[in-house]
Amino acid sequence: MVDQPESDPKSTPPPVPIPDLEPDEEIEEDEDDEDFDEEEEEELETLTPEARMRMERTNMDSLFKRLSTERVPVRVHDVIIKGNTKTKDSVIEAEVEAVFRDATSFQKLLRAAGVANARLRGLDIFESVNITLDAGPPELPGTANVVIEVSEVKNPLTGDFGVYSKPEARSWSLEGSLKLKNLFGYGDLWDGSVSYGWGQTSEVSTGVSLPRFKGISTPLSARISLLSQDWLKFSSYKEQALGLSLGLLSSGNHDLSYNLSWRMLKDPSQMSSHTVRRQLGHSLLSALKYTFKIDRRDSPMRPTRGHAFVSTTQIGGLFPDIRSLRFIRQEVDLRYAIPLGFYRAALNLGLSGGVILPWGNGFMNTSSYLPERFFMGGNSSPVCSLRGPTSVLGFKARGMGPAEPRRSVKDNANEGNADYPGVDHIGGDLALTAFADLSFDLPLKVFRDAGIHGHVFACTGSLNKITEKAYKEFSVQKFRDSFRSSAGVGIIVPTKLFRMEVNYCYILKQQEHDQGKTGVQFSFASPL
């Protein structure tokens, strides 16, 4: 920043800092400039207040136009923080330091201020964040001070409670959570949650997360959980797990976490299939999980252009224990949205694949761990979901793929007669799904204003076993025959929290033990 040229101190106001458009240019002060300034001030004095206001507005608009169209070199001299009574300065500085350091022009500085504002609000410990750009010291032209004024939350304790339904699993869950914000002033978030599901899943967990500060360049998190899942209806086992999860890296497109959990599988019905019975008992999961994600779609709920890519790699067996599960699990998701140019129509294409393999001596002759295998089915939307090859519309949860008959139990009153026990869906080691979805606006204006639109879709999926020497019998023909498929049409109702679909699904192809059904089905999807 530079000061205005000085004139007669008796007739001019104090110098006011203005943007330095050319900091290397030297300002010459001579008698002609002084005479020009005096004449300009005399003209201003003769103007009416309304004319003077119009002139000042015109000058200000001209200044903003130059700042927005021309490159104005500037650098940040200082970051001034105000309003934080409990939060440490180092927490705020760590969020904004790198952003403002790279700003070398006024335009970049404005963009950096927007990014910094979003980052600070993302900490979830401030009610409001205001960032002001001020002139730097007069002796340092071409500099600016960034003033950050925050308002901390008045009530650090918040809670949430609700009842949620899962139509695809025909279950309900009661969920509640408490969150304590910024307890020690380091942006720390402490939370506890309880979830009780009728007939399927229950969980109790507590955790803490820390943002980047001081020497820590990435946010950290830790969570302890006790999980119980009931899969008796689908696969004849119940799962209980006590685990610890550590978030080691969360930066940009990368996420790295470590999971340590003690798991137990049991079968209260004593009717499980041979594959399930072999895996009952205790086991130890020690796994490192890395996720790379790029999502450049214009909307996660109704994408009309852009693409998304997610790759998730999990390596288990890092703990030196004989009961430690050793496996490598890889998932890939690819989405692409193509705008068609009429009725906001867009064609969404998706492909998801996954494979899980044990590792160690004779790994291809051993079986993969049952809960870590891929299971398909359920009515989650494949357009929104980026969670691996799991969704094929029209099939029930865990309703397709490899299956084994359960152990039959004879009736004591009628020996020799036994009811058919059904089958256990045991998942697969190699999974692949694909879909095409054409979305479009409905002709009625009331639907368009509410965001309600229609779509036509087609889905297909394949699930195969390749471990325990099953790969020797695997062939291209068998892989091709393993695909199941469905198609349909539906109406999508978006809300602020989720996307609801009412679909009519028609099963094009299924196999003997698959649980696909033609008819009307409901689907719910969340952007999280």
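Where is R398 found? R398 sits in the loop between strand 14 and strand 15, and the close-ups below, all taken from a predicted model, start there.

**View 1. The loop between strand 14 and strand 15, with R398 and N379.** R398 has a positive phi of about 55°, even though it is not a glycine. With a relative accessibility of 10%, R398 counts as buried, because buried here means under 20%. N379 is placed in the loop between strand 14 and strand 15 (403-405) too. N379 also has a relative accessibility of 10%, so it goes down as buried. If you follow the chain from N379 to S391, you cover 12 residues, yet their C-alpha atoms are separated by 6.8 Å.

**View 2. Y343, out on a loop.** Now for the stretch between strand 13 (327-339) and strand 14, which is where Y343 has its place. Y343 isn't a glycine, but its phi is positive all the same, at about 50°. Is Y343 buried or exposed? Y343 is exposed, since its relative accessible area is 55% and the cut-off for exposed is over 50%.

**View 3. The largest cavity and its lining.** Search the whole structure and you find 4 cavities of 30 Å³ or more. The largest has a volume of about 80 Å³. Its lining is made up of 14 residues, and R335, S352, P382, S391 and T433 are the ones that lie nearest the centre. S391 is a familiar face here, being the residue whose C-alpha is 6.8 Å from that of N379. Strand 14 (346-358) and strand 17 each chip in at least two residues of the lining. By type, the lining divides into 5 nonpolar residues, 8 polar ones and 1 charged one.

**View 4. The largest nonpolar core.** This core has 29 residues, and the ones touching the most other members are Y237, L370, M376, V392 and C459. Four strands give two or more residues each to this core: strand 11 (281-295), strand 17 (430-441), strand 18 (453-464) and strand 20 (499-509). Which strand gives the most? That would be strand 18, with 3 residues. Apart from this core lies another, of 24 residues, including L123, I125, I148 and V150. As a rule of thumb, nonpolar side chains in soluble globular proteins tend to be buried together.

**View 5. Cysteines without a partner.** How many disulfides does the count come to? The count comes to 0. C459 is in no disulfide, and the nearest cysteine sulfur, which belongs to C505, is 7.6 Å away, whereas a disulfide needs the two sulfurs within 2.5 Å. At 4% relative accessibility, C459 counts as buried. C384 is buried as well, with a relative accessibility of 9%.

**View 6. Helix 4 and the residue just past it.** Helix 4 (residues 106-122) has 17 residues, and from its first C-alpha to its last it reaches 24 Å, close to the 24 Å expected at 1.5 Å a residue. The buried residues in helix 4 are F106, Q107, L109, A112, A113, A116, N117 and L120. Just after helix 4 comes D124, which takes a positive phi of about 65°. L123 and I125, for their part, are among the members of the core of 24 residues.

Conventions: Residues numbered from 1 in each chain as written. Predicted model: local features only at pLDDT ≥ 70, side-chain atom pairs only at ≥ 80, totals over all residues. Heavy atoms only, no water. Core = buried A, V, L, I, M, F, W, Y, C linked by side-chain atoms within 4.5 Å. Buried < 20%, exposed > 50% of the residue type's maximum accessible area, 1.4 Å probe, protein only. 1 Å grid on protein atoms, 1.4 Å probe; cavity = no way out; pocket = protein on both sides within 12 Å on 5 of 7 lines; lining within 4 Å. Points joined across faces, edges and corners; volume = space filled by probe spheres on them. Nonpolar A, V, L, I, M, F, W, Y, C, P; charged D, E, K, R; others polar. Expected span 1.5 Å × (residues − 1).
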